[in-house]
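Trainee: I should like to take a close look at one part of this structure, namely its charged side chains and the salt bridges they form. Would you please describe them in a connected way?

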Amino acid sequence: MLDVSRDEFEALVSDGLDTLPDEMLDELDNVIFLVEDKPEDGADTLGVYEGFSLAEREAYGFGEEPDRITLFRLNLLAHCEDHDELVKEIRVTLVHEVAHFLGLTEERIHELGWG
């Protein structure tokens with residue numbers, strides 16, 4: 001398994017966010033990005049979106065908790081053979097989780113050229 005510290009991994013996530021299309025990032029509102037080692041249930045998922053997609057809500061109300069996108073460091077490290085693959089997989093995971101926030105289907109992600 002790759003050996004990437006939490007700090008380095010968080011920097012890779014930040015760099016990955018910088019590579020996302022502007023039209024994708026412009027829609028983000030009240031979303032936080034987190035890194036955890038593994039999901040609480042021990043699943044081998046690479047990332048998860050928690051919240052209500054833009055398709056499911058009209059607007060945030062005062063004092064509402066932000067939606068969350070979490071990437072799972074140890075799962076991503078176990079999934080990748082080298083650093084380059086890790087960088088690619090972090091970006092792919094970010095695209096898919098942000099797309100869930102936007103309420104997009106897998107098909108639509110590919111139509112937009114994001115996947």
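Mentor: In this predicted model, the chain carries 8 positive and 31 negative side chains, and the centres of the two sets are 2 Å apart. The structure contains six salt bridges, and several of them can be placed on the fold. That fold comprises five helices and three strands, arranged along the sequence as α-α-β-β-β-α-α-α.

Let us begin in helix 1, which covers residues 6-18 and holds both glutamate 10 and arginine 6. These two residues are four apart, about one turn of the helix, and their side chains form a salt bridge with an N to O distance of 3.2 Å. Glutamate 10 counts as partly exposed because its relative accessibility is 34%. Arginine 6 is likewise partly exposed, at 34% relative accessibility.

A second salt bridge, at 3.0 Å from N to O, joins the side chains of aspartate 37 and arginine 73. This pair connects distant parts of the chain, 36 residues apart: aspartate 37 belongs to the loop between strand 1 and strand 2 (47-50), while arginine 73 belongs to helix 3 (residues 73-79). The partners also differ in their burial class. Aspartate 37 has a relative accessible area of 31% and is therefore partly exposed, whereas arginine 73 has 13% relative accessibility and so counts as buried, the limit for that class being under 20%.

Towards the other end of the sequence pattern, helix 5 (residues 106-111) contains arginine 108 and glutamate 111, three residues apart, about one turn of the helix. Their side chains meet in a salt bridge of 3.2 Å, N to O. Arginine 108 is partly exposed, with a relative accessible area of 37%; glutamate 111, at 52% relative accessibility, counts as exposed. Through salt bridges with shared partners, Arg6, Glu10, Asp37 and Arg73 are joined into one network.

Helix 5 residues also come up in the surroundings of histidine 96, which lies in helix 4 (residues 83-102). Beyond its neighbours within four places in sequence, histidine 96 is in contact with Glu106 and Ile109. Histidine 96 counts as buried because its relative accessibility is 16%.

For the setting as a whole, buried residues account for 37% of the 115 residues in the chain. The accessible surface amounts to about 6,900 Å², and 47% of that surface belongs to carbon and sulfur atoms. Among contacts between residues at least 6 apart in sequence, 75% join residues at least 24 apart, and the salt bridge between aspartate 37 and arginine 73 spans 36 residues.

Conventions
Residues are numbered from 1 along each chain as its sequence is written. This is a predicted model: local features need pLDDT of at least 70, side-chain atom pairs count only at pLDDT 80 or more; totals for chains, interfaces and linings use all residues. Side-chain values use heavy atoms; hydrogens and water are left out. Buried means under 20% relative accessible area, exposed over 50%, partly exposed in between (1.4 Å probe, protein chains only). Contact means heavy atoms within 4.5 Å. Accessible areas come from the Shrake-Rupley method with a 1.4 Å probe; for residues, only the protein chains shown count as cover. Lys and Arg count as positive and Asp and Glu as negative; His and the chain ends are not counted. The place of a charge is taken as NZ of Lys, CZ of Arg, CG of Asp or CD of Glu. A salt bridge is a side-chain nitrogen of Lys or Arg within 4 Å of a carboxyl oxygen of Asp or Glu.
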